[in-house]
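Visitor: Please show me one part of this model closely and slowly, namely the place where the parts of a chain pack against each other. I am in my first year, so please explain each term when it comes up.

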Amino acid sequence: MKQLSVDHLTGIVDLTRQDIELILETAARFKEVINRPIKKVPSLRDITIANVFFENSTRTRLSFELAQKRLSADVVNFSAAGSSVKKGETLVDTVNNILAMKVDMVVMRHPNPGAAKFLSQKIKARVVNAGDGTHEHPTQALLDAFSIQERLGSVAGKKIVIVGDILHSRVALSNIYCLQKLGAEVMVCGPSTLIPKYISELGVRVSHNLREALEWCDVANMLRIQLERQDIKYFPSLREYSQQFGLDKTLLDSLSKEIVIMHPGPINRGVEISSDVADSPQSIILDQVENGVAVRMAVIYLLAAKIER
Amino acid sequence: MEKQVILNATQLELTLKRLSHELIETHDTFENSILIGLQPRGIHVATRIKAQLEAILAHPIQAGNLDITFHRDDFRRRETPLLPSITNIDFSIENKRIILIDDVLFTGRTIRAGLDALLTFGRPSQVQLLALIDRRYSRDLPIQADYIGKTVDTLASERVAVEWKEIEGQDQVLLFTKEGNEAAQR
């Protein structure tokens, strides 16, 4: 019988293709569950999960919490604002204090790359990375792959372009690993200052021309400019960025084929994507959000199955 | 390994026919009744019964498949995770008469989980149970079938396997009297 090859989900980089396929297959079953009149199953009623967020989040935290509740797990939430972190407590101490209250799994978002991996080596509970700085955001990549598979039938052989702030994006890195492991071709597109120098070594194409990239792809994943992570200016103005790398209806309609539009959120309407594109039938942005709950249920279910009794 | 045929293809066919007639006695034209096969093995019994009923009644019967994985009581009590099969109940079961269908009724735990899973789809007016094989005196829970294909007396160490033409190549019901047999553990 199949099970995950890992005990924690700290990054897509650690997963095998079989792991990813198992998660997506299980997620499809959970998607059916969350469309029932009673959207809840009792599988995890003896599991307690802590959501530990050292960085802001609406969608991801809500999505994780809903996923956990629909699996009947007990949930405690912790956010760094107003916590002992401000009083100088270390990450491991904070989490160990939470675990002392008999918590089986920790879902963590942290501003430092590698924080989830570090934590998984230090504590006994299962760790799920909900975003570690500019490094990885594995569940986002999994739900993106699930959404592509749902819309286009499969991920293998498809061409996906990730547009925007690749340098500061954990979504981009996790997506590259995930899509490549599933057999897709990946391109990144953006101003050269926002494309990491050695990214082509991951086997992705690089383009600095949005039209060219869109003509090549089947799916365009539009990323937000992460101004909060940019300590220096990477481009002259948002207006100039928007003119060169923003996707509007005129550009979308002028393409020779119909492509699928994705966005991990939050959207800056009018910057990387115009309102009419975000709300067009080609956009699967809200499907991504719905699928997020199913995919996170699958990840938590499969990891919980490996918790010793 | 010792194996014994409990029902051969002809007997199995006869049993399914009898069960179908028994169902019609209670459910008449099936106007308000729905067949639900339990994944993974009960769905084959449900498919055969549905075909029999439709042949007799000459109109389509509503039917669906139900997966009970997420409602089982042995999650995290096994070596490997329990992986789900497909559920397709794309109709309302509110105020309907439901016939749950499984191949072998043994401890009753699957049916307990099946009842819980079924009720997440709404509130049926009645739920009945059809089991092709009833392994008598081996229940862990107070659950009995309303329609039984064949009752057998077995030891806990024995296994009963229902095989189908479209999967195993032959319609038959087998009793394995030694543990560790792969086919019998399904």
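Guide: What follows starts with the whole chain, moves in to its helix packing, and ends with some smaller details and the partner chain.

This is a predicted model, in which local features need pLDDT of at least 70 and side-chain atom pairs count only at pLDDT 80 or more, while totals for chains, interfaces and linings use all residues. Residues are numbered from 1 along each chain as its sequence is written, and chains are lettered from A and ligands numbered from 1 in the order in which they are written.

Chain A contains 11 helices and nine strands, where helices (H or I, at least four residues) and strands (E, at least two) are DSSP runs, numbered from the N terminus. Its radius of gyration is 19 Å, close to the 19 Å that the globule rule gives for 309 residues, so chain A is as compact as a globular protein of that length; the radius is taken over C-alpha atoms, and the rule is 2.2 Å times the number of residues to the power 0.38. Along the principal axes, the C-alpha atoms of chain A fill a box of roughly 55 × 45 × 35 Å.

Chain A is divided into domain 1 (12–136 + 292–304) and domain 2 (138–288), with bounds that come from an automatic or database domain assignment. The C-alpha centres of these two domains of chain A lie 25 Å apart. Where they touch, 21 residues of domain 1 of chain A are in contact with 20 residues of domain 2 of chain A, and contact is counted if the C-beta atoms of two residues, placed from the backbone, lie within 7 Å. On the domain 1 side, the elements of chain A that give two or more residues are helix 1 (17–33), strand 4 (126–132) and helix 11, and helix 1 of chain A gives the largest share, five residues. By class, this side has 10 nonpolar, six polar and five charged residues; Ala, Val, Leu, Ile, Met, Phe, Trp, Tyr, Cys and Pro count as nonpolar, Asp, Glu, Lys and Arg as charged, and the others, Gly among them, as polar.

Now to the helices themselves. Two packed helices are described by the angle between their axes and the distance between the axes. Here the axes are lines fitted to C-alpha atoms, for helices over the stretch in contact, and angles run from 0 to 180 degrees between N-to-C directions.

Helix 1 of chain A and helix 11 of chain A pack at an angle of about 120°, with axes 8 Å apart. That makes helix 1 of chain A oblique to helix 11 of chain A, since angles under 35 degrees count as roughly parallel, over 145 as roughly antiparallel, 65 to 115 as roughly perpendicular and the rest as oblique. The crossing of these two helices of chain A is right-handed; a crossing is left-handed if the near helix is turned anticlockwise from the far one by less than a right angle, and right-handed if clockwise. The residues that make the contact include Leu22(A), Ile23(A) and Phe30(A) of helix 1 of chain A, and Val295(A), Met297(A) and Leu302(A) of helix 11 of chain A. By class, this contact has 11 nonpolar, two polar and one charged residues.

Helix 11 of chain A (residues 285–304) also packs with helix 5 of chain A (residues 138–152), at an angle of about 120° and with axes 8 Å apart, and these two helices are therefore oblique to each other. Their crossing is right-handed, and among the residues of the contact are Leu142(A) and Phe146(A) of helix 5 of chain A, with Asn291(A) and Arg296(A) of helix 11 of chain A. This contact has five nonpolar, five polar and four charged residues.

Helix 5 of chain A has another neighbour, helix 6 of chain A (residues 170–181), where the axes come within 8 Å and cross at roughly 50°. Helix 5 and helix 6 of chain A are therefore oblique to each other, in a right-handed crossing. Eight nonpolar, three polar and one charged residues make up this contact.

Two backbone details of chain A remain. The peptide bond from Gly265(A) to Pro266(A) is cis, with omega near -10°, and Ser72(A) has a positive phi of about 70° although it is not a glycine.

Finally, 14 residues of chain B are in contact with 18 residues of chain A, and the chain B side has six nonpolar, five polar and three charged residues. Chain B itself has four helices and eight strands.
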